[in-house]
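This report walks through one protein chain, from a single side chain outwards to its contacts, its charged pairs and its nonpolar cores. The sequence and the coordinates come first, and the description follows.

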Amino acid sequence: MGWIKAICTADIAAGECQGVELNGIEIAIYNVDGRFHATSNICTHQKAYLTEGYLDGEFIECPLHQGRFNVVTGDADGAPVTQPVRVFPIVVEGTDVLIDVGNES
Ligand code: FES
């Protein structure tokens, strides 16, 4: 599938996150101190939207049961989450933020 433009850099301020849907996949984009990261937007515990949670540095806290994930690695970081969340490749070209969603839809 290749790279798809998801947002513009100005759309997400540092310390904020935003959900987008690309090819039917719910993706969360995070701006961590000017660096962009992307994960699945669906918590691996009980399917809450991570972008409705709280971004604390490199960690997103799920709004439903406060499980945490590292948004850089996808690793689970705190009960009740045990399964990592999928991470997507992301690059910035000029003011465009591009994500590679792979071959799935
Ligand atoms: S749904 Fe995310 S921690 Fe339970």
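In this predicted model, Asn 70 is in contact with Glu 58, Phe 59 and Asp 75, once its neighbours within four places in sequence are left aside. Asn 70 belongs to strand 7, which covers residues 68-70, and it counts as buried because its relative accessibility is 12%, under the 20% limit.

**Charged pairs**

Strand 7 also holds Arg 68, which brings the description to the salt bridges, of which the structure has 3. Side chains of opposite charge can pair when their charged atoms come close. The three pairs are set out below with the N to O distance of each.

| Acidic residue | Basic residue | Closest N and O atoms |
|---|---|---|
| Asp 96 | Lys 5 | 3.2 Å |
| Asp 56 | Arg 68 | 3.8 Å |
| Asp 77 | Arg 68 | 3.3 Å |

Asp 56 sits in strand 5 and Arg 68 in strand 7, so their salt bridge ties together parts of the chain that are 12 residues apart in sequence. Through shared partners, Asp 56, Arg 68 and Asp 77 are joined into one network of salt bridges. The relative accessible area of Asp 56 is 38%, which makes this residue partly exposed, while Arg 68 counts as partly exposed at 22% and Asp 77 does so at 34%.

The pair of Asp 96 and Lys 5 links distant parts of the chain, with Asp 96 in strand 10 and Lys 5 in strand 1, 91 residues apart. Asp 96 is partly exposed at 25% relative accessibility, and Lys 5 is likewise partly exposed, at 44%.

**Leu 55 and Tyr 30**

Leu 55 is placed in strand 5, residues 54-56, and is buried, with a relative accessible area of 10%. Leaving aside neighbours within four places in sequence, Leu 55 is in contact with Gly 15, Glu 16, Tyr 30, Asn 31, Ile 60 and Val 71. Its C-alpha atom is separated by 11 Å from that of Asp 33, a residue 22 places away along the chain.

Tyr 30, one of those contacts of Leu 55, is found in strand 3 and is buried, with a relative accessible area of 0%. Not counting residues up to four places away in sequence, Tyr 30 touches a set of residues that includes Glu 16, Cys 17, Phe 36, Leu 50, Ile 60 and Val 71. Thr 39 is also among the residues touched, and a polar contact of 2.8 Å joins the side chains of Tyr 30 and Thr 39. The C-alpha atoms of Tyr 30 and Glu 58 lie 8.7 Å apart, although 28 residues separate them along the chain.

**Nonpolar cores**

In soluble globular proteins, nonpolar side chains tend to be buried together. The largest nonpolar core here has 15 residues, and the members that touch the most others are Ile 7, Ile 27, Ile 29 and Ile 99. Strands 1, 2, 3, 4 and 10 each give two or more residues to this core, and strand 3 gives the most, with 3 residues. Apart from this core lies another, of 14 residues, among them Val 32, Ala 48, Val 71 and Val 85.

**Annotated region**

From the record, an unreviewed UniProt entry, comes the feature "domain: Rieske" at residues 4-99. Over these residues the chain is 0% helix and 46% strand, and the C-alpha atoms at the two ends are 5 Å apart.

Notes:
Residues numbered from 1 in each chain as written. Predicted model: local features only at pLDDT ≥ 70, side-chain atom pairs only at ≥ 80, totals over all residues. Heavy atoms only, no water. Core = buried A, V, L, I, M, F, W, Y, C linked by side-chain atoms within 4.5 Å. Buried < 20%, exposed > 50% of the residue type's maximum accessible area, 1.4 Å probe, protein only. Helix = DSSP H or I, 4+ residues; strand = E, 2+ residues; numbered from the N terminus. UniProt positions renumbered as here; feature names shortened; annotations may be inferred. Contact = heavy atoms within 4.5 Å. Polar contact = N/O pair within 3.5 Å; in protein donor to acceptor, adjacent residues only side chain to side chain. Salt bridge = Lys/Arg side-chain N within 4 Å of Asp/Glu carboxyl O.
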